[in-house]
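Work through the following exercises with the sequence and the model side by side. Try each task before reading its solution.

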Amino acid sequence: MTQPILQLNAIDKAFPGVKALDNACLNVYPGRVMALMGENGAGKSTLMKVLTGIYELDSGSIQYQGQPVKFRGTRDSQEAGISIIHQELNLIPELTIAENIFLGREFVNGLGKIQWKTMYQEANKLLARLNVRHSSNELLGSLSLGEQQMVEIAKALSFDAKVIIMDEPTDALTDTETQSLFSVINELRSQGHGIVYISHRLKEIFEICDDITVLRDGRFISECKVTDTDEDGLIEMMVGRKLEEQYPRVEIEKGPVSLEVMNLSGSGVHDVSFKLHQGEILGVSGLMGAGRTELMKVIYGALHRDQGEVIINNKPISPKSPKDGLSEGIAYISEDRKGDGLVLGLSVKENMSLCALTQLSKGLQIQHNTEATAVEDFIELFNIKTPGREQIIGNLSGGNQQKVAIAKGLMTRPKVLILDEPTRGVDVGAKKEIYHLINQFKSEGMSIILVSSEMAEVLGMSDRILVMHEGRITGEFSAHDANQEKIMACAVGKQANEVAA
């Protein structure tokens, strides 16, 4: 193998109460894609922030193109040829594509006047290199998420990046956009760029990557070629143990009907009816845009209801806001934990108890001792890795943030728990913990709706499965009757009675 273009050796980084990196290492090779793998909290993001100068390393060394380097920030590392494309894109929808690519580095003449023609020409060259069929004078906001990601890559190339770091690049992309991204990665690889690819989607690692580096608890575990391991071996390296059963569904006798939805229509939802029992997990599947999240939000009161009924424990309800939904016993855990689910600047305690302050108060006074005890109980139950309940939640890993988001819903003691993409962006170890918690709630008689884009997750955890297409239910299957072919057929618009047994 050729010499690395980038080497991070024996990197240590500590924060108050936690050692984030402990002798962490990473090699990036020209013309190869290096997967950086590990559970949430393994140190991947911290290592990338050390590399790009956001954090200062405590000890260790970084070598780039054979020379020791120490970057003072992301602009410094970008100008040296190392660019990072974050999970949340750093782009401005109201500006043009070219303005986004060259923001802060505009082409100007001696009088300081922007040379628009030159800037658009250079931006168009970068777009053509990535096979993006848009003009650089178009507004960025008119592009799909996948196309915006290509603009982020074009921005990286505008710095003449020799190393490109991609953090969860396909998290919100369609299958078509993902394949387009893979084509671009293959092209970049053939041009000699070194790429660091961070993802929790194991299938992608074996499809697009050449090498794998595994971190666990901030420590370097292994570097190997993709061809030298498999999914089971990779999971074992990441979590330090074998995951014998990925989806540990439990069979229990379901109770009476707790939720009934009758002929419900509203924002993006058309004439939907179904029942949910106590002690049951009802999976909801479908392609992007099928109306799954919209249905949950209409039930919960976050979106407008046009007609139909929602009945909880034989009582019709008409929530007109999320607050109404909570008061009626429905807890909705959003698919967008950072946008809708959590307040990243508040503590673990404040986030977890936010929706349950009524239950934690006497009159107008919050019972702080009761609140602290409840929060500590959930931290222990969920195995949330945090220095303490006062830790700012934005400092936790994605998996631990997700556990707090679920605990936040459960603290309201709901009758119905709606989990919308509960394991998105969560590593395999944290997923397993979340699945066990879901099973525990189910065994205690809770009624659970599981909305997921991962078909294996829906099939593995659900007792019954609803399939949606364009706001309507096109299929309903028991766990024993469902399979990927039936679900996909209904997801593209076929009715269940049209699908072969």
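The exercises below move from the whole chain to aromatic rings, then to a sheet and one of its residues.

**Exercise 1. The whole chain**

Determine how the radius of gyration of the protein compares with what the globule rule gives for 501 residues.

*Solution.* Keep in mind from the start that this is a predicted model. Begin with the secondary structure, which comes to 17 helices and 22 strands. Next take the radius of gyration, which is 24 Å and thus close to the 23 Å of the globule rule, so the protein is as compact as a globular protein of that length. The C-alpha atoms fill a box of roughly 70 × 50 × 50 Å along the principal axes. Finally, turn to the interior: buried residues make up 52% of the 501 residues, and of the contacts with a separation of 6 or more, 66% are between residues 24 or more positions apart.

**Exercise 2. Two aromatic pairs**

Classify the ring pair W116 and Y120 and the ring pair Y247 and Y435, and find where in the chain their residues lie.

*Solution.* A pair of aromatic rings is described by the distance of the centres and the angle of the planes. The rule counts rings as paired if their centres lie within 6.5 Å, and by this rule there are eight aromatic pairs. For W116 and Y120 the centres are 6.0 Å apart and the planes stand at 25°; because planes under 30 degrees apart count as stacked, this pair is stacked. Both residues belong to helix α4 (residues 116-129), where they are four residues apart, about one turn of the helix. W116 has a relative accessibility of 37% and counts as partly exposed.

For Y247 and Y435 the centres are 5.4 Å apart and the planes stand at 45°, so the pair is tilted. This pair links distant parts of the chain, since Y247 is in the loop between α8 (231-239) and β11 (257-266), while Y435 is in helix α15 (residues 428-443), 188 residues apart. Y247 is buried, with a relative accessible area of 16%, and Y435 is buried as well, at 2%.

To complete the topic, note that ring pairs join F378, F382 and F441 into a cluster, and that the charged end of R105 sits over the ring of F159, 3.7 Å from its centre.

**Exercise 3. An open sheet**

Work out which strands stand at the edges of the sheet β12-β11-β14-β15.

*Solution.* First read the order of the four strands, β12-β11-β14-β15, which form an open sheet with antiparallel pairing. The edge strands are β12 (269-277) and β15 (315-317); each has a single partner strand, so one side of each is left without a neighbour in the sheet. Neighbouring strands are turned by 15° against each other on average, direction ignored. Looking at one pairing in detail, β14 (residues 305-312) and β15 pair in the antiparallel sense over three bridges, and I311 stands opposite P316 in β15. Lastly, helix α9 (residues 292-300) lies across β11, β12 and β14, and runs at about 70° to β12.

**Exercise 4. One residue of the sheet**

Decide whether R305 is buried or exposed, and describe its surroundings.

*Solution.* Locate R305 in strand β14. Its relative accessibility is 19%, and because buried means under 20%, R305 counts as buried. Then list its contacts beyond the neighbours within four places in sequence: among them are L264, S265, G266, V298 and V310. The C-alpha atoms of R305 and V269, 36 residues apart along the chain, are separated by 8.8 Å.

Definitions and conventions:
Residues numbered from 1 in each chain as written. Predicted model: local features only at pLDDT ≥ 70, side-chain atom pairs only at ≥ 80, totals over all residues. Heavy atoms only, no water. Phe/Tyr/Trp six-rings, centres within 6.5 Å; stacked < 30°, edge-to-face > 60°. Helix = DSSP H or I, 4+ residues; strand = E, 2+ residues; numbered from the N terminus. Buried < 20%, exposed > 50% of the residue type's maximum accessible area, 1.4 Å probe, protein only. Lys NZ or Arg CZ within 6 Å of the ring centre and 35° of its normal. Pairing = 2+ DSSP bridges. Axes fitted to C-alpha atoms, helices over the stretch in contact; angles between N-to-C directions. Contact = heavy atoms within 4.5 Å. Rg over C-alpha atoms; globule rule 2.2 N^0.38 Å.
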